[in-house]
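Visitor: I've got a model open on my screen and I'd like to walk through it with someone. Could you take my questions one at a time?

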Amino acid sequence: MKNLKIYTLLLVSAVIAFSCDEEDKLITDILVENPLPADEVVTGSSGDDLDLSVYVALGNSLTAGFQDGALYTDGQINSFTGLLAQQFQVEGVGGGSYVFPNINSANGYYLEAGGAVLGKLFLDLDANNDGVLGDAEIVPSAGDNNIGTRATDDEITNLTNFGVPGINITDLDDPNLGNPTSDDFNPYYFRFSSDPVTFTSTVLDDAIARNPTFISLWIGANDYLGYARAGAASGSVTSAADFQTQLTAHLTKLVSSPSSAGAKGVILNLPPVTILPYFRAVPYNAVPLTSQDDVDDLNAATAFGGYNAALDGLAAADPSFSQDDADARKVTYALGANPVLIKDTDLTDLTAALSGINPALALYGQVRQANSTDLMLLPAATVIGTDAEGLPDVPIGIANPLGDEYVLTLSEQGEVGLARGTYNAIIDGVLANPAFANYTVVDLHPFFADAFGLSSGQAEALGLTAAGIDAADGEIGIVYQGYDYQPDFSPNGLFSNDAIHPNPRGHAIVTNVIIETLNDTYGSSIPMVQINQLRSSPFQQ
């Protein structure tokens, strides 16, 4: 295999394709601003039992407006919290001022794994520079290393958005979150913490001190998303007991503190993250082979032919290792799209046994080719086909297994889904307590089920709500306010270029789901956001 020619992937190029008609639609329709007529006055009402004069937002990166892999000003403005506050300020609704800790940056802050500071991610629609749209690649912009800069005193005093990227449910009331000497330190919170000297403040206490009349809380996604983003190779999900204890404690503090006791609020439930484009953009069979010579080299007796024979030998010699087990691990290549070679830590480790047959086989102790139930994480697209350090001409995902941190196997997806489903059940159960009657659940599952084209069976298997199951129509994409939007980070998509966070249009739909819930619950008539007035994810062509 030393001379094997490898066909590497151009990030996302095999995933996003545009027809001529779709290109025309994107350029001449979807991407065109459609403001309301200047003489049309929009009005609304908050109803008789809803005071929106001081809206306080609590949560993680979704609340903060983190988009495209960075925290930047326009993303902060176009978060669901900013859009919701905008609708609250419509004449007759009674909403007050909205203040967020402005990072004051067009491109924002994104820290690469190697330590380089970059900005928001762009989608380059013509990465090959051949004038043909569709050869797409995600590219970073130049960032601003201003994460340590404190927000202005005026912003901190009047703050209403307390979203902190990266936090989980425990962090909301953790005084170490703003302490630079603590392992719990979060620089995003430090930017606006009320106590940057003795570090005793918490996000929750700071929010309560604003005397909120209305609160949105969207927390808990990071309690399982971080584990999923690591390919379930590191970290863990928050235990159900801890999640329930923390949620109960936070709500108890909100309803018992004199400054926030009378506030109404909404709690957004948690979506199934494994359907997000971050987990779906790279296909399991992302190894394209077009040369019969390459196929023959990979299947040769000196390559995977020998490995397969070794597996047969182990099955014949060891009663605890069946022939079915051996067959499930065998690696065979053919012309066309081939499954990625992955490491699966759920497999019995055969390193010692294989090494005894041939030391070169030590690399394949927990290896198999991916199948259609495995999810390749988006970063895998930049790794597949490259050489591992110290192993030249042994390309990752082809001759060298793709690391566990780049793959979510079916069993690992089950762990993530179980945690999310349990958290949602806890949210419903805790809010059934009459003490928390002022708080209402906002169900986002219908939006996700519809947009991602889930079947009712898939929605049920993912543990979605009854409304989410009913909304599952099996057709990818969602028709919303007259336009067709896709659950991806293409220019007519609803997700930002980091493939996890919504873009402004996705945030607008979340905003409208909240507004619908409020209108149904309180008899208010808060107007909806017009999604086609908002931009898509940043792209260049």
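Visitor: Let's start in the strands. Which residue of β16 is the bridge partner of L268?

Guide: This is a predicted model, so take everything here as computed. L268 sits in β7, which covers residues 264–268. β7 and β16 pair in the parallel sense over 4 bridges. Across in β16, the bridge partner of L268 is V442.

Visitor: Which strands are at the edges of that sheet?

Guide: It's an open sheet of 5 strands with parallel pairing, in the order β5-β1-β6-β7-β16. From one strand to the next, the twist averages 15°. An edge strand pairs on one side only, and that fits β5 (161–163) and β16 (439–442).

Visitor: What about helices on the sheet: at what angle does α4 run to β1?

Guide: α4 spans residues 80–88 and lies across β1 (55–59), β5, β6 (214–218) and β7. Its direction relative to β1 comes out at about 165°.

Visitor: And which strands does α9 touch?

Guide: α9 covers residues 240–256, and this helix packs on the sheet too. Its direction makes about 135° with that of β16. The strands α9 touches are β6, β7 and β16.

Visitor: α9 also meets α15. Is that crossing left-handed or right-handed?

Guide: The axes of α9 and α15 (residues 410–431) come within 10 Å and cross at roughly 35°. On the α9 side the contact includes F243, L247 and L251, and on the α15 side Y423, I426 and V430 are among the residues involved. The handedness of the crossing is right-handed.

Visitor: How many residues of that contact are charged?

Guide: The α9 side also brings in Q244 and T248, while α15 adds T422. By class, the contact has 9 nonpolar residues and 3 polar ones, and the charged count is: no charged.

Visitor: Now for the holes. What is the volume of the largest cavity?

Guide: Searching the whole structure turns up 3 cavities of 30 Å³ or more. Residues lining the largest cavity include F100, P101, Y188, R191 and F192. That lining divides into 7 nonpolar, 3 polar and 1 charged. The volume of the largest cavity is about 70 Å³.

Visitor: How do the lining residues of the second largest cavity divide?

Guide: The second largest cavity has a volume of about 40 Å³. Among its lining residues are L52, Y55, F88, Q89 and Y98. By class they divide into 5 nonpolar, 4 polar and no charged.

Visitor: Which element gives the most to the lining of the largest pocket?

Guide: The largest pocket holds about 1,300 Å³ of space, and of its 42 lining residues, the closest to its centre are F66, G69, Y110, R229 and D498. By class, the lining has 30 nonpolar, 9 polar and 3 charged residues. Elements that each supply at least two lining residues include β3 (117–124), β4 (137–142), α8 (222–229) and α16 (445–451). With 4 residues, the one that gives the most is α8.

Visitor: One last backbone check. In which loop does A499 lie?

Guide: Most residues other than glycine have a negative phi. A499 has a positive phi, near 70°. F199 also has a positive value, near 60°, and lies in the loop between α6 and α7 (203–208). As for A499, its place is the loop between β18 (483–485) and α19 (504–522).

Technical notes. Residues are numbered from 1 along each chain as its sequence is written. This is a predicted model: local features need pLDDT of at least 70, side-chain atom pairs count only at pLDDT 80 or more; totals for chains, interfaces and linings use all residues. Side-chain values use heavy atoms; hydrogens and water are left out. Axes are lines fitted to C-alpha atoms, for helices over the stretch in contact, and angles run from 0 to 180 degrees between N-to-C directions. A crossing is left-handed if the near helix is turned anticlockwise from the far one by less than a right angle, and right-handed if clockwise. Contact means heavy atoms within 4.5 Å. Ala, Val, Leu, Ile, Met, Phe, Trp, Tyr, Cys and Pro count as nonpolar, Asp, Glu, Lys and Arg as charged, and the others, Gly among them, as polar. On a 1 Å grid over the protein atoms alone, a cavity is a set of points where a 1.4 Å probe fits but cannot get out, and a pocket is an open set with protein on both sides within 12 Å along at least five of seven lines; lining residues have an atom within 4 Å of a point. Grid points are joined across faces, edges and corners, and a volume is the space filled by probe spheres set on the points. Two strands pair if DSSP finds at least two bridges between them.
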